[in-house]
Amino acid sequence: MWEVRVSPSGEFGNHPLHFAQFHTAPLAAAMGAEVVGVRLTELDEQGLADFKQALYHHKMLFIRDQHLTHAEHEAWAARLGPFAVDAYTQGVPGHREVHPIIKEAQTSSKALFGGGWHTDSPFLPIPPAITTLRQVEGPPYGGDTTWANCALALRHLSPAYREMLRGLNVWMSAANNFATQEKLLGGAIQFADREQFEQGQRGTMHPLIRKHPETGEESLYICDTYAAGIEGMTSHEAKPILDYLVAHATQHAFTCRLRWEPGMVALWDNRLTMHLGPNDYDGYRREMYRTTTAGGVAE
Ligand code: SIN
């Protein structure tokens, strides 16, 4: 006889933080917080260091009423670290690090950018660490982004399961995503260049449990869109483990969901989270811009 699955309980750890220039107001028990009391462009050096600490703690932050220009967005994101290679999108004219994600009201598509649970570009040998996203225009309802806290999900696995995962490497590849897009959209996927496309297919092995380079916090490094195998295992062996881990990490208790407003900026740490941008707002325009900050090799 199996036990009925019950909601996880115990330590969630997403408590608010207070700093000299701002404080945080948690969005959910699992993760995410609003940053209150500051304009992003006015954070001084200490404020930025505190802001990064808040990001590593909450995994996702959002700030209302910023209404950044492309130039302000790019300049502010540059303070988070060097920009990453973005495999899929190109920057807007004059601001090559600010990448548009726009769906027009009359567009209807079976697959949208970021529409499955994923961490950004893990098929790269050095995947992006931090992504920032701002909204200029959005639907009156729908278009909410959801995140999952993969560090919390790791802590809520049984010790035996955690030990089984330790030392395993996950193969992150875009091949399945390309095939799905091809099937749903009937055309070759847009990619920044040929080398990026080939790197996407080839993919990269990363530790399935990775350590955050700034805090040492351990996290599952998994992805529904890109995790395609486990080193040394057959696909029949690997798939149930990866499917279970994605289902485990994306359960309600480990997520937060953001209702966007025009002028809002959000950012997240790809080393500790997955996210999903939904395809549920046909008939409305959604205009977003994002940047990605370079990470290091996963350890
Ligand atoms: C993304 O995956 O970066 C996009 C998320 C969104 O559009 O909400």
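The following questions and answers concern a predicted model.

Visitor: Which helix gives the largest share of the largest nonpolar core?
Guide: The largest nonpolar core has 51 residues, and those with the most contacts inside it are Leu165, Leu208, Leu220 and Ile222. Of this core, 6 residues are the largest share from one element, and they come from helix 7.

Visitor: Which residues of helix 7, at 235-249, does Leu208 touch?
Guide: Leu208 is among the residues with the most contacts inside the largest core. Leaving out residues up to four places away in sequence, Leu208 touches Leu165, Leu220 and Ile222, among others. Helix 7 spans residues 235-249, and the contacts of Leu208 include Leu242 and Leu245.

Visitor: How many residues does the second, separate core have?
Guide: Phe22, Phe51, Ala54 and Val265 are included in this second core. The core they belong to has 21 residues.

Visitor: Is Thr291 buried or exposed?
Guide: Thr291 lies in strand 15, residues 286-293. Buried means under 20% relative accessible area. The relative accessibility of Thr291 is 0%, so Thr291 counts as buried.

Visitor: With which side chain does that of Thr291 make a polar contact of 2.5 Å?
Guide: Not counting residues up to four places away in sequence, Thr291 touches His73, Ala77, Phe83, Glu97, Val98, Ile130, Thr131 and Thr132. The polar contact of 2.5 Å joins the side chain of Thr291 to that of Thr132.

Visitor: Within what arc do the buried residues of helix 5 fall?
Guide: The buried residues of helix 5, residues 175-185, are Asn177, Phe178 and Gln181. An α-helix has 3.6 residues a turn, so residues three or four places apart point the same way. Seen down the axis of helix 5, its buried residues line one face, because they fall within an arc of 100 degrees.

Visitor: What residue takes a positive phi just after helix 5?
Guide: What covers the buried residues of helix 5 includes helix 6, at 194-202. Just after helix 5, a positive phi of about 70 degrees is taken by Gly186.

Visitor: How many residues of strand 6 are buried?
Guide: In a regular strand the side chains alternate between the two faces of the sheet. On one side of strand 6, Thr145, Trp147 and Asn149 are buried, and on the other Thr146 and Ala148 are buried. Strand 6, residues 145-149, is mostly covered, and its buried residues number 5 of 5.

Visitor: Which residue of strand 14 stands opposite Trp147?
Guide: Strand 6 pairs in the antiparallel sense with strand 12 over 4 bridges, where Ala148 stands opposite Thr255. Another 4 bridges join strand 6 to strand 14, residues 273-276, also antiparallel. In strand 14, the residue opposite Trp147 is His275.

Definitions and conventions. Residues are numbered from 1 along each chain as its sequence is written. This is a predicted model: local features need pLDDT of at least 70, side-chain atom pairs count only at pLDDT 80 or more; totals for chains, interfaces and linings use all residues. Side-chain values use heavy atoms; hydrogens and water are left out. A nonpolar core is a set of buried Ala, Val, Leu, Ile, Met, Phe, Trp, Tyr and Cys residues joined through side-chain atoms within 4.5 Å. Buried means under 20% relative accessible area, exposed over 50%, partly exposed in between (1.4 Å probe, protein chains only). Helices (H or I, at least four residues) and strands (E, at least two) are DSSP runs, numbered from the N terminus. Contact means heavy atoms within 4.5 Å. A polar contact is a pair of N or O atoms within 3.5 Å; within protein, one must be able to donate a hydrogen and the other to accept it, and residues adjacent in sequence count only if both atoms are side-chain atoms. The arc is that of the directions from the helix axis to the C-beta atoms. Two strands pair if DSSP finds at least two bridges between them.
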